[in-house]
Amino acid sequence: MSFIFKTYDILSEKAVSPMTILFLSDLHGRLYGTDGQELANRLAKTNPDLILIGGDLIVRRDPARAEVGCRLLEKLAQIAPCYMAPGNHESRAFRPGETDPTCLENRDRLMQALKTSGVPFLRNEKMAITIGGNPLCLYGYEAPLETYEKFRRPVLEKEALTTALGHPDDTSFNILLAHNPSFVPQYLDWGADLTLCGHFHGGFMRLTQRQVLISPYGFPFPKYGYGRYDGNGGTAIVTSGLGEHVLPFRIHNPYEAVLIRVRQR
């Protein structure tokens, strides 16, 4: 299975020195090469300064795919500093009161991989770090599970991000990992310099560069299905991701990893 690298350039007055961010989402345990090593090798060749995982590394009810995602996580942590936020599959596996034995098994498997690799798992949390002299503040937003329900228009309360994460840090380059792109306007209004989303898998089929066919909710032509969106001084990027778990093929919609080159304005 092949994939491409999609590259975006971001100019920021907060950037002290150039840095390259590798963003991955929605692997869903897809196997690239033997034991995922082919994927890890290709990613390593990009020489990223930072790796960010936007969720759905696993499939919550598929032990084999969960194992693939966890092994890749350990490989990524050896390439560059790596941080992860949850997608809907992780959120469901970690939800309070979960009793499905397969979900619990996969949750424990992921928790062990996170511990072994030392990758922080940001669930409505923030973390201040420095990369190449650049002060960064990373935020992992975990949207409520009801915002993922199919055949319903998702709604997010106006103050949801502030309630979960507080306000962005004025002195840092703020990066928000928010799996669900349905709320791109809210993310931009919140004030992150860079927001990274996945979840829609490029809509199965892309009709134009940004227009995708259908959302996971079952509605056609979602407004924020793929690509770059700028507003309020920030940028949101929605990736088509590296895998899927329902339809095993795509049309005009390649699998991708995202490279973001941040430079001083």
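Two strands are taken to pair if DSSP finds at least two bridges between them, and the strands themselves (E, at least two residues), like the helices (H or I, at least four residues), are DSSP runs numbered from the N terminus. This is a predicted model, in which local features need pLDDT of at least 70 and side-chain atom pairs count only at pLDDT 80 or more, while totals for chains, interfaces and linings use all residues. Residues are numbered from 1 along each chain as its sequence is written, and side-chain values use heavy atoms, with hydrogens and water left out.

With these terms in hand, strand 1 and strand 11 (residues 256–264) pair in the parallel sense over 9 bridges. Along strand 11, Arg261 stands opposite Asp9, and Gln264 stands opposite Ser12. Strand 11 also pairs with strand 2, here in the antiparallel sense and over 5 bridges, and Val258 of strand 11 stands opposite Phe23. These pairings belong to an open sheet of 5 strands with mixed pairing, in the order 1-11-2-3-4. Strand 1 (4–12) and strand 4 (82–84) stand at its edges with a single partner strand each, so one side of each is left without a neighbour in the sheet. From one strand to the next the twist averages 20°, where axes are lines fitted to C-alpha atoms, for helices over the stretch in contact, and angles run from 0 to 180 degrees between N-to-C directions.

Strand 10 (234–238) offers a second set of pairings. Strand 8 and strand 10 run parallel and are joined by 4 bridges, with Val238 in strand 10 as the bridge partner of Cys197. Strand 9 and strand 10 run antiparallel and are joined by 5 bridges, and Val238 in strand 10 is the bridge partner of Gly227 as well. The hairpin of strand 9 and strand 10 has 2 residues between the strands, and Asn232 takes a positive phi near 55° there.

Burial can be read along the same strand, where buried means under 20% relative accessible area, exposed over 50%, and partly exposed in between (1.4 Å probe, protein chains only). In strand 10, 5 of the 5 residues are buried, so the strand is largely enclosed by the rest of the structure. In a regular strand the side chains alternate between the two faces of the sheet. In strand 10, Gly234, Ala236 and Val238 point one way and Thr235 and Ile237 the other way.

The loop between strand 10 and strand 11 holds Ile251, which counts as partly exposed because its relative accessibility is 30%. Together with Val246, Leu247 and Phe249, Ile251 makes a nonpolar surface patch of about 360 Å². Patches are made of residues with over 30% relative accessible area and no salt bridge, like charges being joined within 9 Å and nonpolar side chains (Val, Leu, Ile, Met, Phe, Trp, Tyr) within 5 Å.

The loop between strand 10 and strand 11 also holds Glu244, whose partner Arg30 lies in the loop between strand 2 (19–24) and helix 1 (37–44), 214 residues apart. Their side chains meet in a salt bridge (2.6 Å, N to O), and both Glu244 and Arg30 are buried. A salt bridge is a side-chain nitrogen of Lys or Arg within 4 Å of a carboxyl oxygen of Asp or Glu, and the structure holds 14 of them. One of these joins Arg123 and Glu142, with the closest N and O atoms 3.3 Å apart. Here Arg123 is partly exposed at a relative accessible area of 28%, whereas Glu142, at 16%, counts as buried. Salt bridges that share partners also join Glu67, Arg71, Glu105 and Arg109 into one network.

Aromatic rings come last. Rings of Phe, Tyr and Trp (its six-membered ring) pair if their centres lie within 6.5 Å, and planes under 30 degrees apart count as stacked, over 60 as edge-to-face and the rest as tilted. By this rule there are 8 aromatic pairs. Phe183 and Tyr187 form an edge-to-face pair, 6.5 Å centre to centre with 80° between the planes; Phe183 is buried at 2% relative accessible area, and Tyr187 is buried at 0%. The rings of Phe200 and Tyr217 have centres 6.3 Å apart and planes at 80°, so this pair too is edge-to-face. Phe200 and Tyr217 are 17 residues apart in the loop between strand 8 (194–197) and strand 9 (227–231), and both are buried. Finally, Phe3, Phe5 and Tyr32 form one aromatic cluster.

Key: Areas by Shrake-Rupley, 256 points an atom, 1.4 Å probe, with all protein chains shown as cover.
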